[in-house]
Amino acid sequence: MIDARCSCGTVRLSLPGPSNLVVACHCVDCQRRTGAPFGVGAFYPVEVVTISGAPKEYVRPAASGGKVRFHFCTDCGSTVYWKADNLPALIGVAVGTIADPNFPAPIKSVFEQSKHVWVEIDGAEHLQGGSARKSSS
């Protein structure tokens, strides 16, 4: 089991293990949400994630269509996880909340049309637009 949590520990997620779907997102909204040049999310089936604490929800339009619902700690402000209307079976978990330097690297790099020119993500599928969906291969 993996423990993901906000900075102060008020909001926690229990995850079954490393994810096979880790995505770096370079959209401007993720840049602003994280305060970094990109965000990284690990995606899990919603039924395998246990959430504790009482996060606040922030809803915004998603660059990929629909809405995305971010859940963050009201005490420390950390975004811990999110759910997107176009991926209803998955929950995205901010990889930084897992705080494991050995966690798997992104297999996809999405919304690269707004990627900072100095960012390089080796070994990932590179997409100008975005989709966290698994490729069928």
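This report describes the sheets, an aromatic cluster and two cysteines in a predicted model.

## The smaller set of strands

In the order β1-β2-β5, three strands form an open sheet, and the pairing within this sheet is antiparallel. The strands at its edges are β1, residues 2–5, and β5, residues 50–52; each of them has a single partner strand, so one side of each is left without a neighbour in the sheet. If direction is ignored, neighbouring strands of this sheet are turned against each other by 20 degrees on average. As general background, the strands of a sheet pair through backbone hydrogen bonds, and they do so in either a parallel or an antiparallel way.

The pairing can be followed residue by residue. Strands β1 and β2 run antiparallel and are joined by four bridges, and among the residues concerned is D3, whose bridge partner in β2 is S14. The hairpin made by β1 and β2 has six residues between the strands, and in this hairpin G9 takes a positive phi near 90 degrees. On the other side of the pairing scheme, strand β2, which covers residues 12–15, is joined to β5 by three bridges, and these two strands also run antiparallel. Here R12 stands opposite S52 in β5, while L13 has I51 of β5 as its bridge partner.

## Two faces of strand β2

Which side chains of β2 are buried, and which are not? The side chains alternate along the strand: L13 and L15 point to one face and are buried, whereas R12 and S14 point to the other face and are not buried. Reading this together with the pairing, one finds that the buried L13 is the residue bridged to I51 in β5, and that S14, which is not buried, is the bridge partner of D3.

## The eight-stranded sheet

A further open sheet is formed by eight strands in the order β6-β7-β8-β9-β4-β3-β10-β11, and its pairing is mixed. Its edges are taken by β6 and by β11, the latter covering residues 125–126; each has a single partner strand, so one side of each is left without a neighbour in the sheet. Inside the sheet, β7 and β8 pair in the antiparallel sense over five bridges, and F72 stands opposite T79 in β8.

The edge strand β6 spans residues 56–61 and contains E57. This residue is partly exposed, since its relative accessible area is 40%. When neighbours within four places in sequence are left aside, E57 is in contact with R69, F70, H71 and F72. The C-alpha atoms of E57 and F72 are separated by 6.5 Å, although the two residues are 15 residues apart along the chain.

## An aromatic cluster around W82

A pair of aromatic rings is described by two quantities, namely the distance of the centres and the angle of the planes. The model has two aromatic pairs. In one of them, F43 and W82 meet edge-to-face, with 6.2 Å from centre to centre and 80 degrees between the planes. Because F43 lies in strand β4 (residues 39–45) and W82 lies in strand β8 (residues 79–84), this pair ties together parts that are 39 residues apart in sequence.

The rings of F70 and W82 have centres 5.9 Å apart and planes at 45 degrees, so this pair is tilted. Since F70 belongs to strand β7 (residues 67–72) and W82 to strand β8, the pair ties together parts that are 12 residues apart in sequence. F43, F70 and W82 thereby belong to one aromatic cluster. F43 is buried at 12% relative accessibility, W82 is buried with a relative accessible area of 9%, and F70 is buried with a relative accessible area of 5%. In addition, R33 lies over the face of W82, at 4.7 Å from the ring centre.

## Two cysteines without a bond

How many disulfides does the structure hold? It holds zero disulfides, and C25 and C27 are worth considering in this light. The closest cysteine sulfur to that of C25 is in C27, at 3.6 Å, which is too far for a bond, because a disulfide requires the two sulfur atoms to lie within 2.5 Å. Both residues are buried, C25 with a relative accessible area of 13% and C27 at 6% relative accessibility.

Key:
Residues numbered from 1 in each chain as written. Predicted model: local features only at pLDDT ≥ 70, side-chain atom pairs only at ≥ 80, totals over all residues. Heavy atoms only, no water. Phe/Tyr/Trp six-rings, centres within 6.5 Å; stacked < 30°, edge-to-face > 60°. Buried < 20%, exposed > 50% of the residue type's maximum accessible area, 1.4 Å probe, protein only. Lys NZ or Arg CZ within 6 Å of the ring centre and 35° of its normal. Pairing = 2+ DSSP bridges. Axes fitted to C-alpha atoms, helices over the stretch in contact; angles between N-to-C directions. Contact = heavy atoms within 4.5 Å.
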